[in-house]
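Q: Could you take me slowly through one helix and the packing around it, and then set that beside some other parts of the chain? I am in my first year, so please explain each term when it comes up.

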Amino acid sequence: MATFYGIGVGPGDSELMTVKAVNTLKKIDILYTPKAHNDQPSVAEKIAAPYFSEGLTIKRRRFPMVKDLKEKQASWRTIAEEIVADVKAGNNVGFITLGDASVYSTYSYLLGNIDNRITVETVAGISAYTQIAATISTPLMLDDELLEVIPATADAQKIATAIDDNDNVVMMKISANLPLVYQLLADRNLLDQAIIISNASMATQHTVKLSAVEPTEKLPYFSTLLLKKTYSF
C-alpha cells in the first residue's frame, strides 16, 4: 500500500539519522523537502542526501516563513493536496524535517491538511535538544527534576513561568528573542546556568555560555539554549 512518510532526519550530522529513517528513504519514490533560497537544497535535504536512492524524485516546495497565517495555511493545503495525489497514484512519498518530525515541524501542519485520506507513517528522529545534551555530556534531567521545552518566541510571561517552575528548560529559536531571555535569566542570577549551542552536530557547531554572550548579539538561526538551575557551565 502506498504510504506518506514523515521522516525526522536529526539535528545535522547525517550519521545521526536512525536506521529506520535511512531504510524509509530508500523505499520512497517521491521526496518533498522545503525549498531553500534560490531553489537550493535545504539543510534537511543536505543531511539526508547520502542515503537517497537512484531515481528518487525530489520536489522542493516553498513553506513561507512569514507571520501571515493565511499565507502559510494556503501553502500547507496546496502541498498537502499534491502529496495526497502522489500517494493515490501509487507512490511512496516522504517529507523530511530537521530533528524529530513531531517537534515544531511543518510536517505536523501537512498532516492536519491530509486528514486521514491516505496511509501515513511517522518516523521519529533525534531532536536538537537531546543532541545538545549529548554534545556537552550533561543530562537533560535526573530523578524527579522537571524539564520544559518552550520556544523563545513565546509570550514573555510564559517564558518567565517556564524558568520559575522547572529545574531544566530548553528554549528553541533563541536567536529570535535573545534580549528578553537574557534579561529574564539575568534578573534571576541564572546566566551561569545557561548554555547556547548553535548548529548542533554540524561542522559549524558552536557552544557558548550565556554569561559570555552580549544580549544584543546576533546568533545563528539554529541556536538552542539549555538552562540547568542546579548546574554551572
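A: What follows begins with one helix and its core, and then moves on to a second helix, some charged pairs and a surface patch.

This is a predicted model, in which local features need pLDDT of at least 70 and side-chain atom pairs count only at pLDDT 80 or more, while totals for chains, interfaces and linings use all residues. Residues are numbered from 1 along each chain as its sequence is written, and side-chain values use heavy atoms, with hydrogens and water left out.

The helix to look at is α7 (178–187), where helices (H or I, at least four residues) and strands (E, at least two) are DSSP runs numbered from the N terminus. Its buried residues are Leu178, Val181, Tyr182, Leu184 and Leu185; buried means under 20% relative accessible area, exposed over 50%, and partly exposed in between, with a 1.4 Å probe and protein chains only. Because these residues cover an arc of only 165 degrees around the axis, they lie on the same side of α7; the arc is that of the directions from the helix axis to the C-beta atoms. An α-helix has 3.6 residues a turn, so residues three or four places apart point the same way. The cover over the buried residues of α7 includes α6, β7, β8 and β10, where contact means heavy atoms within 4.5 Å. After α7 comes Asn189, whose phi is positive, near 55 degrees.

The next step is the core. A nonpolar core is a set of buried Ala, Val, Leu, Ile, Met, Phe, Trp, Tyr and Cys residues joined through side-chain atoms within 4.5 Å. The largest one has 25 residues, and Leu185, Leu210 and Leu225 touch the most other members. Two or more residues come from each of α6 (156–165), β7 (168–172), α7, β8 (194–198) and β10 (223–228), and α7 gives the largest share, five residues. Leu210, if its neighbours within four places in sequence are left aside, is in contact with residues that include Leu178, Tyr182 and Leu185, and also Leu225. A second, separate core of 18 residues includes Phe63, Phe95, Tyr107 and Leu110.

Helix α1 (residues 19–27) can be read in a similar way, for Ala21, Val22, Thr24 and Leu25 are buried there. They sit on the same side of α1, because their arc around the axis is only 160 degrees. The exposed residues Val19 and Lys26 are carried on the face turned away from that buried side, and the buried residues of α1 pack against β1 (3–8), β2 (30–34), α2, β4 (93–97) and β5.

Now to the charged pairs, where a salt bridge is a side-chain nitrogen of Lys or Arg within 4 Å of a carboxyl oxygen of Asp or Glu. The count comes to eight salt bridges. In one of them, Lys59 pairs with Asp86, with the closest N and O atoms 2.9 Å apart; Lys59 lies in strand β3 (residues 57–61) and Asp86 in helix α3 (residues 69–88), 27 residues apart. Both Lys59 and Asp86 are buried. Glu81 and Arg117 also meet in a salt bridge, at 2.8 Å from N to O, and since Glu81 lies in helix α3 and Arg117 in the loop between α4 (106–114) and β5 (119–123), the pair ties together parts that are 36 residues apart in sequence. Glu81 counts as partly exposed because its relative accessibility is 42%.
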